[in-house]
Amino acid sequence: MQEIRQARFELTSAQVFAALFVSMCALAAIVIGSFPLAASIATVFLFAGVHNLMEFRYFAARMPVRWGRSRLFYSFGIGGVLVLAAAYLTLYFSSGNWLWSNDSWLWLTASWNTSFILWLAFLFYLRGRQRPRSDWSWAFPVGFLLAGLAWIIPQYWSLSLVYIHPFVAMWFLDRQMRRTKPEWITAYRVGLASIPIFLVLLWIGLARQPNLPDDTSLFWRITQHAGSEILPGISSHLLVATHVFLETIHYFVWILLIPLIDVKAIPWRIERIPLFSNKFGFPKLLIGALCIGALVVAALWFGFAVDYTRTRDIYFAFAIAHVLAEFPFLIKML
Amino acid sequence: MKRIVFAFMLGAALATAAFADIAKPQKPTKAKASIDSLLHISLKSDAKQARLIIPKSQLAQLRAQLDQMGGADDTAAAVVSGTGMGNRLPTIVGGLFLSLAIVFGGIWFARSGKLSLRTNSAIVVLIIFTAIGSAATFVYGNAGPPPEARSITGKMFTQAVHLYGFGSGQIKLETSDDPDQPLELIVPNTEDGSGEE
């Protein structure tokens, strides 16, 4: 007896995810490439505070109630975030101090960069010690190499951090997806592979564009942030578009994609957070911190509406804390 | 431990007193950093060397600006950077960290037990390529700008110098007594593009 099978074309959820990811990247590239300054202003206004709150929510969900044998790792990680963030803010807000010459300013920022790199190297080393049959002491030579570069070419080092930061979010998503949605990982990596293509298309399209206007302090800050002063030979239109494109993807990852693949990261599922639901947890403290976070987001929106430029400056100064906080959690996931 | 913390606190307290004793420098008067002028560039085939003619009246204005800015030395900056190592410090510390990277990288590599005939060969090849690359930097480091950019002539305005981005050459600075004359740059423009370098 013959069996007749009808071949049906069915889209899997992973294929839909890949298609949506690539489509969103394409749309973002077109809009941002056409209106980079407006896109920068709009994305920071809409998503900057929200993505920080979502990150905090995600880290809270990943934080164990008892640190156990990770006590040293978490102590050093969180302690480093607090100390480095405080030092950064001190440097930032005391810039222009009459006691500091340009040289003093340079070596103080280079010292901060060195501390940051060595902190990271030690975190890698500690993580390696927790993994069986792993020796991650290679982190020290790599750290020293990066520290050397941070002293020799400090301006490129600082700029590279601006451009590397969005990729950290993509790395988080990759690690999280391997744990909670492994069936999407190939589709996600296809989506990731499309990002360099969009970047190359943006660069081809914008390389010969004239520089963006920087006659207002806000536009000047946006172009400076993207590195127009450090890379004067490259069109600031291209630099701002590249930066905003990557930042937008990173907002998209934190606000939408991570909660999509990790039920513990869905904002309203607070009972999934061990620090909240465990009998040894700190539910009141956690609720309080989340409420304060929500208030800060509202305050940021208000601030952006009243004085966008000043609020943007303040936001990006304090945002160093979330940049730093990402590393202990990311390294812990490796 | 308590002693160390106490020593830190004492040091920090004394440091603030020390900084507080430094007199705050007087804010420099906001001198205009430039004076408005007009530059006239003329290409002359009979000129042998580039000349920049500055009217004495404008020199007087410039001197006045310099006199005004003379009191704006940043003494506080000298106090903090102090040692005069400002420019060299990044290179020294950067070099130190690069050396540490090589030392620690070597120790890690030796400890990791990855030394074999194959890896040794790879290291030797890497060292040879690095040496060749380093030698290449000497070659390129000594390469000068294109000939058009090495002297101030009419060829300074050609595409070759535009691509290179800048040029330089000797120039004579002269003054003029005529108060109505604009700043004038006289550029030799001979057929062969020669000028005194």
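User: Let's start with D313(A): does it count as buried or exposed?

Analyst: The general idea is to compare relative accessibility with a cut-off, and buried means under 20%. This is a predicted model, and in it D313(A) comes out at 18% relative accessibility, so it counts as buried.

User: Which residue does D313(A) form a salt bridge with?

Analyst: Look for the closest N and O atoms of an oppositely charged pair. Here D313(A) pairs with R221(A), with those atoms 2.6 Å apart. D313(A) sits in helix α12 of chain A and R221(A) in helix α8 (residues 217–225) of chain A, so the bridge ties together parts that are 92 residues apart in sequence. R221(A) is partly exposed, with a relative accessible area of 25%.

User: How many salt bridges are there over all chains?

Analyst: The structure holds 7. One of them joins D177(B) to K56(B), with the closest N and O atoms 2.9 Å apart. D177(B) lies in the loop between β3 (172–176) and β4 (183–188) of chain B, while K56(B) belongs to helix α2 (residues 56–69) of chain B, so this pair links parts 121 residues apart in sequence. With a relative accessible area of 62%, D177(B) is exposed, whereas K56(B), at 43%, counts as partly exposed.

User: And what does E271(A) form a salt bridge with?

Analyst: Its partner is R269(A), and the closest N and O atoms are 3.0 Å apart. E271(A) is partly exposed at 42%, and R269(A) is partly exposed at 26%.

User: Now helices. How do I read the reach of α3(A) from its first C-alpha to its last?

Analyst: Set the end-to-end reach against the span expected at 1.5 Å a residue. Helix α3 (residues 71–93) of chain A has 23 residues and reaches 33 Å, close to the 33 Å expected. Helix α5 (residues 139–152) of chain A reads likewise: it has 14 residues and reaches 20 Å, close to the expected 20 Å.

User: Which residues of α3(A) are buried?

Analyst: Before the list, a rule for reading it. An α-helix has 3.6 residues a turn, so residues three or four places apart point the same way. In α3(A), the buried residues include F73(A), G77(A), G80(A), V81(A), L84(A) and L91(A). The buried residues of this helix pack against α2 (36–62), α4 (102–130), α12 (308–318) and α13 (320–332) of chain A.

User: What do the buried residues of α5(A) pack against?

Analyst: Check the chain letter of each neighbour here. The buried residues of α5(A) pack against α4 and α6 of chain A, together with α4 (89–111) of chain B. Among those buried residues are F140(A), P141(A), F144(A), A147(A) and W151(A).

User: How many residues does the largest nonpolar core have?

Analyst: A core is read through its contacts, so pick out its best-connected members. The largest one has 101 residues, and those with the most contacts inside it are F116(A), W119(A), F172(A), I195(A), F245(A) and L324(A). Helix α9 (residues 236–261) of chain A gives the most to this core, with 15 residues. Take L324(A) as an example: leaving aside residues up to four places away in sequence, it touches V81(A), L84(A), A85(A), W112(A), F116(A) and W119(A). Apart from the largest core lies another, of 7 residues, among them A50(B), M156(B), V161(B) and V187(B).

User: What about open space: what is the volume of the largest pocket?

Analyst: Get the volume, then see who lines it. The volume is about 1500 Å³. The lining has 39 residues, of which Y88(A), Y92(A), S158(A), V162(A) and H225(A) lie nearest the pocket's centre. The elements giving two or more residues to that lining are α3, α4, α6 (154–180), α8, α9, α12 and α13 of chain A.

User: And how many cavities of 30 Å³ or more are there?

Analyst: There are 3 of them. The largest holds about 60 Å³ of space. Its lining includes S40(A), H225(A), H243(A), E247(A), R312(A) and F316(A). The largest share of that lining, 4 residues, comes from α9(A), and α2, α9 and α12 of chain A each supply at least two residues.

User: One last spot: where is D215(A)?

Analyst: Place a loop residue by its flanking elements. D215(A) falls in the loop between α7 (185–206) and α8 of chain A. At 65% relative accessibility, D215(A) counts as exposed. Its C-alpha is separated by 23 Å from that of S95(A), 120 residues apart along the chain.

How values were computed
Residues are numbered from 1 along each chain as its sequence is written. Chains are lettered from A and ligands numbered from 1 in the order in which they are written. This is a predicted model: local features need pLDDT of at least 70, side-chain atom pairs count only at pLDDT 80 or more; totals for chains, interfaces and linings use all residues. Side-chain values use heavy atoms; hydrogens and water are left out. The expected span of a helix is 1.5 Å times one less than its number of residues. Buried means under 20% relative accessible area, exposed over 50%, partly exposed in between (1.4 Å probe, protein chains only). Contact means heavy atoms within 4.5 Å. A salt bridge is a side-chain nitrogen of Lys or Arg within 4 Å of a carboxyl oxygen of Asp or Glu. A nonpolar core is a set of buried Ala, Val, Leu, Ile, Met, Phe, Trp, Tyr and Cys residues joined through side-chain atoms within 4.5 Å. On a 1 Å grid over the protein atoms alone, a cavity is a set of points where a 1.4 Å probe fits but cannot get out, and a pocket is an open set with protein on both sides within 12 Å along at least five of seven lines; lining residues have an atom within 4 Å of a point. Grid points are joined across faces, edges and corners, and a volume is the space filled by probe spheres set on the points.
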